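Hi everyone, thanks for coming. Have a look at the structure on the screen, and then I'll talk you through it.

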Number of protein chains: 2
Amino acid sequence: MSRKEQIDQVATTLFKSRGFAATTMRDLALELGIEAGSLYSHIKSKEDILQRVCFRMADEFNAAFDEVKSQDVPAGEKLRLAIAAHVRVLTKNPPAAGVFLNEWRHLSEPSLSQFNGMRHAYEESFREIVREGIATGEFKVNDEKFVVLTLLSSLNWLHMWYKPEGKMSPDDIAEFLSNLLLNGLKNF
Amino acid sequence: MSRKEQIDQVATTLFKSRGFAATTMRDLALELGIEAGSLYSHIKSKEDILQRVCFRMADEFNAAFDEVKSQDVPAGEKLRLAIAAHVRVLTKNPPAAGVFLNEWRHLSEPSLSQFNGMRHAYEESFREIVREGIATGEFKVNDEKFVVLTLLSSLNWLHMWYKPEGKMSPDDIAEFLSNLLLNGLKNF
DNA sequence: TTTATTTGCTAACGAGCGTTAGCTTTTGTA
DNA sequence: TACAAAAGCTAACGCTCGTTAGCAAATAAA
């Protein structure tokens, strides 16, 4: 791992736990055992780090979803696969997921607009699956926008407590969440 | 409304949209049409504002839940009522809800510990309902901790897009979310 | 061994931060 | 009208911030 990657990684954990704005370059340097000024031999700016973390995660989510998109299965099954893919990315790197989900708003233009565009496209992909399920009668709901926002929200808190050493694997978690969302508490 | 309350209110919208750390006292003063120093005729400190907003909201959530607690109804119905109460508080003041949910970590000790205690107790109240539903066989799920975290997460994004002038009332929203969580997409 | 590259240090810059002291103006009350 | 309280202003404090310039050490390649 290059020094630059190491900086990104340590910065990610700090951004997640303290927030981007409340993390100083001197904090980050201290964590790495160097002086603040030395960071600038490797990075361009503080926001430079944030951009890399955010867009790298966005790419990962998109890549994971693309494999689901092409599958020719019923909407319910496709949604299960999409949830599993999403959970896999979330749990693979929880700190980066936390930054991606909570700190993106500290991006400045034009990165901010670009990021929002990607985010919107990703949500639209989920909506497409739900619309399909509604069209075939598999899903009984009628407001796919509301459903997808709820769905993603119920997934996106995972990074806050998921620990790799826990007893549930990412796929276990995905199955649990899929059952809950598709069948509900009463028919779980 | 006193000047102090007005300051709290304007600060709340700024804290929510830019984050606590990224909001300056000079920003806040500008929004109010006064000078930064003048704020200190009314408030003790920047964090003073954050404390008031966070604990005021915590009180509101607790008060709303207490009315549900005493009802003698099946778990499923009680959960519906708790969800409706939670949604009502969330939608009554979305900016304050946003601060309560996302900015509390900028509290310093001992407020931070106190806040976390209240938050934990609130979550525990929800868990109690779900445990009851599991015990009576009404809920088919088995991990009540996981369920409650998912449940609250699926509610707590609401403040981000809810607009009072929208076509769904808070109670409509609560019913929609209750149906989704209790019955699932397939049995909605 | 020479040379180039990577990595790091020191010291400082200009700017912005939360906050305070002391004073003036406005407002409400008797 | 007189007076007290509330509200706001100006100017500055001590501090921290992200970042830079210039230089030195370590590392790797030739």
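Okay, some vocabulary first: Ala, Val, Leu, Ile, Met, Phe, Trp, Tyr, Cys and Pro count as nonpolar, Asp, Glu, Lys and Arg as charged, and the others, Gly among them, as polar. And a residue is "near" a strand if one of its heavy atoms lies within 4 Å of it.

This is a predicted model, where local features need pLDDT of at least 70, side-chain atom pairs count only at pLDDT 80 or more, and totals for chains, interfaces and linings use all residues. Residues are numbered from 1 along each chain as its sequence is written, chains are lettered from A and ligands numbered from 1 in the order in which they are written, and side-chain values use heavy atoms, with hydrogens and water left out.

So, what classes of residue make up the surface near DNA strand D? There are three nonpolar, seven polar and five charged residues. The closest are A:Thr24, A:Met25, A:Tyr40, B:Glu35 and B:Ser38. Sugar and phosphate account for 60% of the strand D atoms that come within 4 Å of the protein.

Now, polar contacts, here pairs of N or O atoms within 3.5 Å. The side chain of A:Tyr40 has an N or O atom 2.5 Å from a phosphate oxygen of strand D. B:Glu35 uses a backbone N or O atom instead, 2.6 Å from a phosphate oxygen of that strand.

Over on DNA strand C, bases come in: a polar side-chain atom of A:Ser41 sits 3.0 Å from a base nitrogen, and one of A:Arg26 sits 3.5 Å from a base nitrogen.

Technical notes
A polar contact is a pair of N or O atoms within 3.5 Å; within protein, one must be able to donate a hydrogen and the other to accept it, and residues adjacent in sequence count only if both atoms are side-chain atoms.
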